[in-house]
Amino acid sequence: MATGKDKGKNKGKDKGKNKGKDIRTIVILECTSCVGKSFNKKSTGISRYITQKNRHNTPNPLEFLKFCRYCKKYTIHGEIKK
């Protein structure tokens, strides 16, 4: 049974929590050497990774050295647009 004290207990707690854009965004990293070899047809696909980044701390596009299973070696994976 609800009493008078319980009514309106959580009122206004979520106020302004999701204002504006999110700071952390999901980005896709794609193998740069697989994209360049697309005309060669040597690789059967393009390696992609999904990660998050903080827009305020890293405004520039991300680039990481990741393993590409199609090239079978570590290559540079750069951020692509969605």
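Start by selecting Y74, which sits in strand β4. Keep in mind that this is a predicted model. Is Y74 buried or exposed? Color by accessibility and you'll find Y74 exposed, at a relative accessible area of 57%; the cut-off for that label is over 50%.

Now add some company to the selection: L65, F67 and I76. Together with Y74, these residues make up a nonpolar patch on the surface, and their accessible area comes to about 440 Å² together. Which elements give two or more residues to the patch? Those are β3 and β4.

Next, hop to the loop that links those strands. Select K72, which lies between β3 and β4. Pull up its backbone torsions: phi of K72 is near 60°, so you're looking at a positive value in a residue other than glycine. As background, most residues other than glycine have a negative phi. Switch back to the accessibility coloring and K72 comes out exposed, with a relative accessibility of 65%.

Time to zoom out and show the cartoon. There's an open sheet of four strands here, with antiparallel pairing, and reading across it gives the order β2-β1-β4-β3. Which strands stand at the edges? Select 48-54 for β2 and 63-68 for β3: each has a single partner strand, so one side of each is left without a neighbour in the sheet. If you fit axes to the strands, neighbouring ones are turned by 40° against each other on average, direction ignored.

For a look at one pairing inside the sheet, select residues 24-31 (β1) and 73-80 (β4). These strands pair in the antiparallel sense, over four bridges. As a reminder, strands of a sheet pair through backbone hydrogen bonds. To land on a particular bridge, pick C31; its bridge partner in β4 is H77.

Last stop: go over to β2 and select K53, which is found in that strand. Is this lysine buried or exposed? K53 counts as buried, at 8% relative accessibility, since the label applies under 20%. Now show sticks and see what the K53 side chain reaches. One distance to draw runs from the side chain to the backbone oxygen of T58, at 3.3 Å. Another goes to N60, whose backbone oxygen lies 3.2 Å from a polar atom of the K53 side chain.

To wrap up, put two lysines side by side in your selection: K53 in strand β2, buried at 8%, and K72 in the loop between β3 and β4, exposed at 65%.

Definitions and conventions
Residues are numbered from 1 along each chain as its sequence is written. This is a predicted model: local features need pLDDT of at least 70, side-chain atom pairs count only at pLDDT 80 or more; totals for chains, interfaces and linings use all residues. Side-chain values use heavy atoms; hydrogens and water are left out. Two strands pair if DSSP finds at least two bridges between them. Axes are lines fitted to C-alpha atoms, for helices over the stretch in contact, and angles run from 0 to 180 degrees between N-to-C directions. Patches are made of residues with over 30% relative accessible area and no salt bridge: like charges are joined within 9 Å, nonpolar side chains (Val, Leu, Ile, Met, Phe, Trp, Tyr) within 5 Å. Accessible areas come from the Shrake-Rupley method with a 1.4 Å probe; for residues, only the protein chains shown count as cover. A salt bridge is a side-chain nitrogen of Lys or Arg within 4 Å of a carboxyl oxygen of Asp or Glu. Buried means under 20% relative accessible area, exposed over 50%, partly exposed in between (1.4 Å probe, protein chains only). A polar contact is a pair of N or O atoms within 3.5 Å; within protein, one must be able to donate a hydrogen and the other to accept it, and residues adjacent in sequence count only if both atoms are side-chain atoms.
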